[in-house]
Amino acid sequence: MIKSELVQTIAERNPHLYQRDVENIVNAILDEVTEALMRSDRVELRGFGAFSVKNRPARIGRNPRTGQKVEVGEKCVPFFKTGKEMRERLNNGTDHGEDD
């Protein structure tokens, strides 16, 4: 699902809201999550999961095309850990994309 599909689905489930308002709300939520992660804050959505930032130290990597060693700088990467409720729904649910 892409963001526009999410907006469309929420708008369809809430016909009293204009689609542009739903889009603004979704954008505001994503912007707030991004801003919090930029401050290295943890964002927890109970039952869904938690977003955090992990630091990857500098290392020596390898260019897969040439095999040459290259320095890879330190960087911060987003990390998502699913919540217990989501894990349970994914593992105990009947509709999770597998053929029975």
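Student: Which residues are linked in a network of salt bridges?
Tutor: This is a predicted model. Its network of salt bridges has Glu-44 bonded to Arg-42 and also to Arg-46. The linked residues are therefore Arg-42, Glu-44 and Arg-46.

Student: How far apart are the closest N and O atoms of Glu-44 and Arg-42?
Tutor: A salt bridge needs a side-chain nitrogen of Lys or Arg within 4 Å of a carboxyl oxygen of Asp or Glu. Glu-44 and Arg-42 form such a pair, and their closest N and O atoms are apart by 3.0 Å.

Student: How far apart are the closest N and O atoms of Glu-44 and Arg-46?
Tutor: Glu-44 also forms a salt bridge with Arg-46. The closest N and O atoms of Glu-44 and Arg-46 are apart by 2.7 Å.

Student: Is Arg-46 buried or exposed?
Tutor: The relative accessibility of Arg-46 is 73%. Exposed means over 50%, so Arg-46 counts as exposed.

Student: What does the relative accessible area of 39% make Glu-44?
Tutor: Buried means under 20% and exposed means over 50%, with partly exposed in between. The value for Glu-44 is 39%, so Glu-44 is partly exposed.

Student: Which residue meets the side chain of Arg-39 in a salt bridge?
Tutor: Arg-39 is exposed, at 52% relative accessibility. Its partner is partly exposed, at 33%. The N to O distance in this salt bridge is 3.1 Å, and the partner is Asp-41.

Student: How many salt bridges does the count come to?
Tutor: Arg-39 pairs with Asp-41. Glu-44 pairs with Arg-42 and with Arg-46. The count of salt bridges comes to three.

How values were computed. Residues numbered from 1 in each chain as written. Predicted model: local features only at pLDDT ≥ 70, side-chain atom pairs only at ≥ 80, totals over all residues. Heavy atoms only, no water. Buried < 20%, exposed > 50% of the residue type's maximum accessible area, 1.4 Å probe, protein only.
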